[in-house]
Amino acid sequence: MTIATWLSVALVLAGAFFFFAGTMGMLRFPDVYTRLHAVTKADNLGLGLIVAGLMLQAESWPAMLKLALIWLLALLASATACYLVGNSSLRSGLPPVQGRYSVRRNPCRQ
Amino acid sequence: MSTIAWLFDGLLVAALLYLAWSLLSEQDLFKAVVLFIAFGLLMALSWTRLQAPDIALAEAVISAGLSGVLLLDAVGYVQGEKRPASTQSEAVKARRIEPVRTGLNLLALLFCAALIWAVLDLPPLDSGLSSIVQAQMGSAGVTSQITAVLLNFRGYDTLLEVAVLVLAAIGCLTLREADQSAAAAHLREPGMQVLDGMIQLVIPVMLLVSGYLLWAGEHAPGGAFQTGAMLGAAGFLLLLGNRMHFQQIPGWLLRISASLGLSIFLLVAGGIAISGRSLLEYPVSNAGKLIVLLETAISISIGSILIILFAANPPSASSPTIDQATPSEDTTEIGSK
């Protein structure tokens, strides 16, 4: 295996780690806002790392640019969706969980 | 490597079955729709694994994207006017439909068994009709086999499909004109600048991609249905972001763009029939040009039909009906595509 292959493996694994972290955050965090934070930030970074890893394996320049474009579009869409969900949650009066958080008082779990 | 592929496919099938089960047993309609969108995405992945990129594209855009939006819209509409029902009558109703449900479940199980039997009965590794298609590609006018089948060899099927879509759009527009009381629940809150900015950036890319899909359909995965779905999605974004107002789109424009594909299809079929050939038997020398013409017209039609399906109901209370709408210059986004 060449250095480029090893580098791709490392980047994709790092990306998978961030996806895992983001998913854990979405499952474990107490309210919409922290969950949004976990999902959008960690997943965007994870996708970026995976795309970078795949770009090293791309056969041609156009393929590399298309992969980069996919990441940029996903960034744009997820940032906007995050803002819209957060904004409409706040406007509909969903309070952010503040102070010390305990699992027993989790409002998202009945 | 093949172990990993087997593992991946196994996980995919298990996830699909699990999602199908949970979306059918989910009581909360909103959650069911979200599960349905996830199901569509995994289906698209499955088509990719089966090396059917055309179907994967259509599945991703239509099943996961557009159907998701339409269903969410419908859920919002249904739940807005939900009446509180007494629990006693619910229980009586449930007891009454129980035998019907059991019967339907048995029928579904029988159908499932018949399907499994049919799959097991298939000859192993049969190439199906692809060798026949391969042999006829010289007369198709395009180099993509899928496009050749859809618009040339089996053009009749596509003609009828487009007709069904036009009928659906007509039904939607008819309902819209009947019900003018319900108010459109549209996003008019402050803080729409972010969505606005995204729309400004994304719409040109979407138009570019739909043009690419139309062009690629001649020799690669792509074609009218994917292009139309992409145009429809762009229209959804414009509607949701208040960039395009359905009530202000002139009626003639809606009618022309929705029926363009069917009209041109019928004209082509009629012209060919008059010249002494059978209904959709294109002359070999012009087949390519005719297919490009049809694909362009069908794309525009599918895009506008999807917009009609999404936006026609519920109407805004204060808006004029489609016939009274004055044709204005600034709302011709659909036509310019």
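The exercises below, each with a worked solution, concern a predicted model.

Residues are numbered from 1 along each chain as its sequence is written, and chains are lettered from A in the order in which they are written. Local features need pLDDT of at least 70 and side-chain atom pairs count only at pLDDT 80 or more, while totals for chains, interfaces and linings use all residues.

**Exercise 1.** Find which element gives the most to the largest nonpolar core.

*Solution.* Begin with the term: a nonpolar core is a set of buried Ala, Val, Leu, Ile, Met, Phe, Trp, Tyr and Cys residues joined through C-beta atoms within 7 Å, where buried requires 20 or more other C-beta atoms within 10 Å of the residue's own, exposed 12 or fewer, and partly exposed a count in between, with C-beta atoms placed from the backbone. The largest such core has 54 residues, and B:F310 is among those with the most contacts inside it. Elements giving two or more residues to this core include α3 (53–80), α9 (224–240) and α11 (287–311) of chain B, these helices being DSSP runs of H or I with at least four residues, numbered from the N terminus. The answer is α11(B), with 14 residues.

**Exercise 2.** Decide whether B:L109 is buried or exposed.

*Solution.* First locate B:L109, which lies in helix α4 (residues 87–121) of chain B. Then take its 10 C-beta neighbours inside 10 Å, because of which B:L109 counts as exposed.

**Exercise 3.** State how many residues of chain B are in contact with chain A.

*Solution.* Contact means that the C-beta atoms of two residues, placed from the backbone, lie within 7 Å. On this basis, 8 residues of chain B touch 7 residues of chain A.
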